[in-house]
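Thanks for making room for this on the agenda. I would like to walk through one chain with you, beginning with a single charged side chain and ending with the chain as a whole.

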Amino acid sequence: MFAVPDRVTGSNKKKMTRVSRDFGDTMQKEAVPAVSADVIFASSRFPNYKIGSNNQIVELKDDPKVLSMKEVVARETAQLLEQQKRLSVRDLASKFEKGLAAAAKLSEEARLREAASLEKHVLLKKLRDALESLKGRVAGRNKDDVEEAISMVEALAVQLTQREGELMQEKTEVKKLANFLKQASEDARRLVDEERAFARAEIEAARAAVQRVEEALQDQERMSRASGKQDLEELMKEVQEARRIKMLHQPSKVMDMEHELQALRKQLTEKSKHYLRLQKELAMSKRGMENNNQLYEIDGTEALGSYLQIQPCSDNAPDLSRCSIQWYRISSEGCKKELISGATKSIYAPEPFDVGRVLQVDIIAEGQTITLTTTGPVDPAAGLGSYVEALVRKHDVEFNVVITQMNGVNHQSESIHAFHIGKMRIKLCKAKTTIAKEYYSSSMQLCGVRGGGNAAAQALFWQAKKGVSFVLAFESERERNAAIMLARRFAFDCNIMLAGPDDRAPLGTQ
């Protein structure tokens, strides 16, 4: 059952007027009966008809070149999806916009077809009404023809209704496609905007990079100019220095004056040395004159690395074995006197503490005290300071020694031992056996041997800790003095003052 709208356009009225003229003005209008829904048609769309001979309706064959709207939309969609992969973002946006316009066009065509379908419904209704009115007025064969025409009209109405359903479905698909294309167009436009923003950001970054490069080039140019000026100044200085050297090598009055000054300096140095030598000889001659009335004198080189010995200078001098002896060190100003603990023998070997000081010895014989002093301060050993500075750079220094006493008892073995002086501790060992190893502490003592004959200049006293002491003999006086200075240097770095027994004990002014 199909519905007929109440409003009819002007063109529909004209068509109805033509139908009324063909079948007469006296036809009666009757109600249109319902069309059966069980009718099955071979085609699923509205056919094209043509009036043939004997007023027969002939269906025209479809043109194979003409495609339906659904097929056109499907083909266009497939082409768009295929081209989407190889098109750029801008081209893709343009294609989607074109597809959106095509979808709008198809939607407009569907609307027009819907209007045409409505007109066809109206025409079929008018035609069936006319045939029904004609059926009542004819009889016989004409009546059968009219009934057959009414059946054909009803069949056409059913096909038209089915076609309208397809059109509605196609219209829905077209709307979906239009929405899809619209969304795709918006996505493409957004992608274009994002790509444009990204491109602008890259352009800004490139501009910033170019600006940085330009600034770097300008800085480099400024630095090159500054370095060029500096090089020019250095070159000018070199030229001036070359001119000065050239002037120095040329014979002139300035050169003569410099040579004279150098000669005068040499003469002054030689005269100073001669004056000191004469002064020392004078002191020794005075001392010799004084010794004519004394019983003893100090014999030996007054320098580090040698030893001093008390010698009798008169036949009336008492034997030294029956005398009491004590050595002292006096500061260069002569205002401070220090007792050298343990130095009670007739022989004494100066140690590094004695350098730059005057040595004094008191001899008590038969209730009489005889005092002897060195002619001047004890001199340092030549080259010993630079040798010690070279040893300080090492982490551990090893010396070959022989143990002569251990805890105050003479040691009979004369085997070689290794005496290691390190930055943190001192170790005495033989091969892999460690005899003593102690870190620097306030209980440790180290000094030269105070007495002991001619070998005193090569020996030192070492107290590792309370109750453990050694007397060690070195290979030479230089090794012994270097070991003492090195150990005291490392101990001082550890905030320890390493010295002998009762050293730095003031006795007041002399």
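**A buried lysine, a strand and a surface patch**

Lysine 427 is buried, meaning under 20% relative accessible area (over 50% is exposed and in between is partly exposed, with a 1.4 Å probe and protein chains only), and yet it has no salt bridge, the nearest side chain of opposite charge being aspartate 396, 6.6 Å away. A salt bridge here is a side-chain nitrogen of Lys or Arg within 4 Å of a carboxyl oxygen of Asp or Glu, and for charge Lys and Arg count as positive and Asp and Glu as negative, while His and the chain ends are not counted.

I should say at once that this is a predicted model, in which local features need pLDDT of at least 70 and side-chain atom pairs count only at pLDDT 80 or more, whereas totals for chains, interfaces and linings use all residues. Residues are numbered from 1 along each chain as its sequence is written, and side-chain values use heavy atoms, with hydrogens and water left out.

Lysine 427 sits in strand S13, residues 425-430; helices (H or I, at least four residues) and strands (E, at least two) are DSSP runs numbered from the N terminus. Leaving aside residues up to four places away in sequence, lysine 427 touches Ala418, Phe419, His420, Thr434, Ala436 and Lys437, where contact means heavy atoms within 4.5 Å.

Let me turn to strand S8, residues 358-365, which is largely enclosed by the rest of the structure because 7 of its 8 residues are buried. Strands pair if DSSP finds at least two bridges between them; S8 runs antiparallel to strand S5 (residues 324-330), with 7 bridges, and valine 358 is the bridge partner of isoleucine 330. S8 is also antiparallel to strand S9 (residues 368-373), through 6 bridges, with valine 361 opposite leucine 372. S8 and S9 make a hairpin with 2 residues between them, and glutamate 366 in the turn has a positive phi of about 55°.

What about the surface? Leucine 235, in helix H4 (residues 141-249), is partly exposed, with a relative accessible area of 47%.

Finally, the whole chain has 7 helices and 17 strands, and 30% of its 510 residues are buried. Among contacts between residues at least 6 apart in sequence, 59% join residues at least 24 apart.
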